[in-house]
Amino acid sequence: MTTTDTGSSPAVFAEPTGTPLSLLLLGQAADPRSERGVECPGDLPAPSDPDLVARALAAKQALGDRVFILGHHYQRDEVVQFADVTGDSFKLARDAANRPDAEYIVFCGVHFMAESADILTADGQQVLLPDLAAGCSMADMATAEQVEQAWDVLEELGIAERVVPVSYMNSSADIKAFTGKHGGTICTSSNAERALTWAFEQGEQVLFLPDQHLGRNTAVRQLGLSLDDCVLYNPFKPMGGLTADQLRNAKMILWRGHCSVHGRFTKECVDEVRERIPGVNVLVHPECRYEVVESADYVGSTEYIIKTLDAAEPGSKWAVGTELNLVRRVANAHSDKEIVFLDKSVCYCSTMNRIDLPHLVWTLESLVAGKPVNRITVAPDTAALAQAALEQMLALP
Ligand code: SF4
């Protein structure tokens, strides 16, 4: 239940139900609404092959400096062990750009990340995604067509020129290009406050894409706006399900998208863990719902979460609300601290988990054979506009 759909004043924020999810059946043809593929047609080695680790090592060694392997924090351990660097999506894209000598960038992450790497790397470098079905349900919640239609609505109302788009890094290249075309900026979960501050210096309203939670959490908790300053634009309803006055008066027009992993954490998870582990510190990512973030002790990006846990006192207790592969890896690295997952049920990012050792081996061995697979390319005109929005982010004060 929410009142943000109707624009009335919510006393307490509540997550709306029924946001359409792009849950695709893997291997079932194509989905034109998805920014990714739905299958990986390669001749993959069997997951049971006992030589997979040795094969990955041999292929990596054979390729030497020609290949640079990026591993997102949410990737499986079996994949991360072969990464030359690990990080969040933006750090990895920059790491790739800083390795112009590498002919091939193997991106162990999801599709939009590989697109960003292709935009930021030199023309001669090839970016490969080991499984084309590794997409992001949040990125799929804002398609170029939907966002263009929303912009048409703002233009018809005569307010588009005072609206600045701010798009989260977790969006398709098309959405980044839209943002660049309309003078906006990209942001990450680390710099969202600076991005919004900049945007409000350029215009009077912000269209925040595609993660409503990061937009709301940043606007309300860091910029001091109220929940009433935010409206939720539902692309499946005429005019986003809002009235002309609601669109005109809102400071933040939040796109109705969310992360299907971080959106699972609830206030009840926080209450339950506090009862179960007295003295626990609750640490969550800003992609979590507003009520979860409000009830946590610490909130920050993936990098912030890692640094906070690295620096925590031995013996301290932590419940962490982010992707499970990362939480487990950090917990294993800090056996002197009690680090648990915030939710009681298992919660991996299913599309991140598409990249496994068989896919990595297949990709590396294909390169050794001189037959690159699953190359991700962004059309030059889209890349140029997206790059403008990314450069605006780099230039944020
Ligand atoms: S964790 Fe969430 S935002 Fe990240 S790739 Fe998975 S669905 Fe997308």
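Here are some exercises with worked solutions on the predicted model shown above.

**Exercise 1. Get an overview of the protein chain: how many helices and strands does the protein chain have, and what share of its residues is buried?**

Step 1. Start with the secondary structure: there are 16 helices and 13 strands in the protein chain.

Step 2. Next, look at burial. The protein chain has 397 residues, and 50% of them are buried.

Step 3. Now ask how the chain folds back on itself. Take the contacts between residues at least 6 apart in sequence: 67% of them join residues at least 24 apart.

**Exercise 2. Explore the largest nonpolar core: how many residues does it have, and which have the most contacts inside it?**

Step 1. The core has 118 residues.

Step 2. The residues with the most contacts inside this core are I105, F107, A117, V206, I253 and V284.

Step 3. Pick V206 and list what it touches, setting aside residues up to four places away in sequence. The partners are V163, V164, V166, L196, A199, F200, K251, M252 and I253. Notice that I253 is on this list and is also one of the core residues with the most contacts.

Step 4. Set this beside a general rule: nonpolar side chains in soluble globular proteins tend to be buried together.

**Exercise 3. Describe the surroundings of the ligand: which residues come nearest?**

Step 1. There are 13 residues around the ligand, and C136, M138, C259, V261 and C349 come nearest.

Step 2. Sort the shell by character: 8 residues are nonpolar, 4 are polar and 1 is charged.

Step 3. Compare with the record. An unreviewed UniProt entry carries the annotation "binding site" for C136, C259 and C349. These residues are spread over 214 residues of sequence, yet they cluster in space, with a largest C-alpha distance of 9.3 Å.

Step 4. Look at C259, which sits in the loop between strand 9 (252–255) and helix 11 (267–276). The cut-off for a buried residue is 20 or more other C-beta atoms within 10 Å. C259 has 24, so it is buried. Beyond its neighbours up to four places away in sequence, C259 touches M138, D211 and E287.

Step 5. Do the same for C349, found in the loop between strand 13 (338–341) and helix 15. C349 is buried too, with 24 other C-beta atoms within 10 Å. Its contacts, leaving aside neighbours within four places in sequence, are Y74, V261 and E323.

**Exercise 4. Examine helix 15: why can it be called largely enclosed by the rest of the structure?**

Step 1. Helix 15 covers residues 357–368, which is 12 residues. From its first C-alpha to its last it reaches 16 Å, close to the 16 Å expected at 1.5 Å a residue.

Step 2. Find the buried residues: L357, P358, H359, L360, V361, W362, T363, L364 and L367.

Step 3. Draw the conclusion. Because 9 of the 12 residues are buried, helix 15 is largely enclosed by the rest of the structure.

Step 4. See what does the covering. Helix 1 (52–63), strand 1 (67–72), helix 2 (77–80), strand 3 (104–108) and strand 4 (126–128) are included.

Step 5. Follow the chain onward: just after helix 15, G370 takes a positive phi of about 75°.

**Exercise 5. Track down unusual backbone angles: which peptide bond is cis, with omega near -25°?**

Step 1. Recall the background: most residues other than glycine have a negative phi, and most peptide bonds are trans.

Step 2. The cis bond runs from L209 to P210. P210 lies in the loop between strand 7 (205–209) and helix 9 (212–222).

Step 3. Turn to phi. M239, which is not a glycine, has a positive phi near 55°. Its place is in the loop between strand 8 (230–233) and helix 10 (244–249).

Step 4. N374 is not a glycine either, and its phi is positive at about 55°. N374 is in the loop between helix 15 and helix 16 (380–394).

Step 5. Buried or partly exposed? Check each residue in turn. M239 is partly exposed, with 17 other C-beta atoms within 10 Å, whereas N374 is buried, with 23.

Technical notes: Residues are numbered from 1 along each chain as its sequence is written. This is a predicted model: local features need pLDDT of at least 70, side-chain atom pairs count only at pLDDT 80 or more; totals for chains, interfaces and linings use all residues. A residue is near a molecule or strand if its C-beta atom, placed from the backbone, lies within 6 Å of it. Ala, Val, Leu, Ile, Met, Phe, Trp, Tyr, Cys and Pro count as nonpolar, Asp, Glu, Lys and Arg as charged, and the others, Gly among them, as polar. A nonpolar core is a set of buried Ala, Val, Leu, Ile, Met, Phe, Trp, Tyr and Cys residues joined through C-beta atoms within 7 Å. Two residues are in contact if their C-beta atoms, placed from the backbone, lie within 7 Å. Helices (H or I, at least four residues) and strands (E, at least two) are DSSP runs, numbered from the N terminus. The expected span of a helix is 1.5 Å times one less than its number of residues. UniProt positions are given in the numbering used here, feature names are shortened, and annotations may be inferred rather than shown by experiment.
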